[in-house]
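Open your viewer and keep the sequence panel beside it. Each stop on this tour tells you what to select and what is there.

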Amino acid sequence: VKTKSNLGPIKDKSGRRDQILGVIKAKGEVTIKDITDQIKDCSEKTIQRELTAMVLSGTIKKTGERRWSRYSLS
């Protein structure tokens, strides 16, 4: 069984996604930097993976490319 010893307070994806959605709802349109400023216990790469999964599932939409990417509610 693999375990991670560096898990922060949020251990499940749904809780992290709820936090991300909360930031998007509060600001309307956000960048990855906006989210990492709000969610301190999570790496930028992890947030990027969550955002990609949320875009693919249709939960949020992405505009722009690379560093100009912005995320908003679908």
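**Stop 1: a serine in a strand**

Select S72, which is found in strand β3. Keep in mind that this is a predicted model. Is S72 buried or exposed? S72 is buried, because its relative accessible area is 10%, and the cut-off for buried is under 20%.

Now show what surrounds S72. Leave out residues up to four places away in sequence, and S72 touches I24, G28, E29, I60 and K61. Two of these names return as bridge partners. E29 has S72 as its bridge partner in β3. K61 also has S72 as its bridge partner in β3.

**Stop 2: the sheet**

Select the strands next. In what order do the three strands of the open sheet lie? The order is β1-β3-β2, and the pairing is antiparallel.

Look at the edges of this sheet. β1 (29–30) and β2 (60–63) stand there, and each has a single partner strand. One side of each is therefore left without a neighbour in the sheet.

Now check the pairs one at a time. β1 pairs with β3 (residues 70–73) over two bridges, in the antiparallel sense. β2 and β3 are also antiparallel, and four bridges link them. Select T63 and look across: R70 in β3 stands opposite.

**Stop 3: the hairpin**

Follow the chain from β2 to β3. How many residues lie between these two strands of the hairpin? There are six. Select G64 in the turn: its phi is positive, at about 85 degrees.

Move on to R66, in the loop between β2 and β3. R66 is not a glycine, yet its phi is positive too, at about 45 degrees. Its side of the story differs from that of the buried serine: R66 is exposed, with a relative accessible area of 73%. The cut-off for exposed is over 50%.

**Stop 4: a helix across the strands**

Select helix α3, residues 44–56. Which strands does α3 lie across? They are β2 and β3, and α3 runs at about 110 degrees to β2.

Keep α3 selected and add helix α1, residues 13–27. The two helices pack at an angle of about 85 degrees, and their axes are 11 Å apart. That angle makes α1 roughly perpendicular to α3.

Show the side chains where they meet. On the α1 side, find K13, R16, R17, I20 and L21. On the α3 side, find T46, I47, E50, L51, A53 and M54. What classes of residue make up this contact? Six are nonpolar, one is polar and four are charged.

**Stop 5: a buried isoleucine**

Select I35, in helix α2 (residues 32–38). I35 is buried, with a relative accessible area of 0%. Which residues does I35 touch, not counting those up to four places away in sequence? They are I20, V23, V30, I47 and L51. You have met some of these names before: I20 of α1 and both I47 and L51 of α3 belong to the contact of those helices.

Try a distance next. Pick the C-alpha atoms of I35 and Q48. These residues are 13 apart in sequence, and their C-alpha atoms are 9.6 Å apart in space.

**Last stop: the whole chain**

Clear the selection and zoom out. The chain has three helices and three strands. Trace the elements from the N terminus, and they run α-β-α-α-β-β.

Turn on the surface. The chain exposes about 5400 Å², and carbon and sulfur atoms supply 49% of that area. Of its 74 residues, 31% count as buried; S72 and I35 are among the buried residues.

Finish with the contacts. Consider those between residues at least 6 apart in sequence: 44% of them join residues at least 24 apart.

Note on methods. Residues are numbered from 1 along each chain as its sequence is written. This is a predicted model: local features need pLDDT of at least 70, side-chain atom pairs count only at pLDDT 80 or more; totals for chains, interfaces and linings use all residues. Side-chain values use heavy atoms; hydrogens and water are left out. Two strands pair if DSSP finds at least two bridges between them. Contact means heavy atoms within 4.5 Å. Axes are lines fitted to C-alpha atoms, for helices over the stretch in contact, and angles run from 0 to 180 degrees between N-to-C directions. Angles under 35 degrees count as roughly parallel, over 145 as roughly antiparallel, 65 to 115 as roughly perpendicular and the rest as oblique. Ala, Val, Leu, Ile, Met, Phe, Trp, Tyr, Cys and Pro count as nonpolar, Asp, Glu, Lys and Arg as charged, and the others, Gly among them, as polar. Buried means under 20% relative accessible area, exposed over 50%, partly exposed in between (1.4 Å probe, protein chains only). Accessible areas come from the Shrake-Rupley method with a 1.4 Å probe; for residues, only the protein chains shown count as cover.
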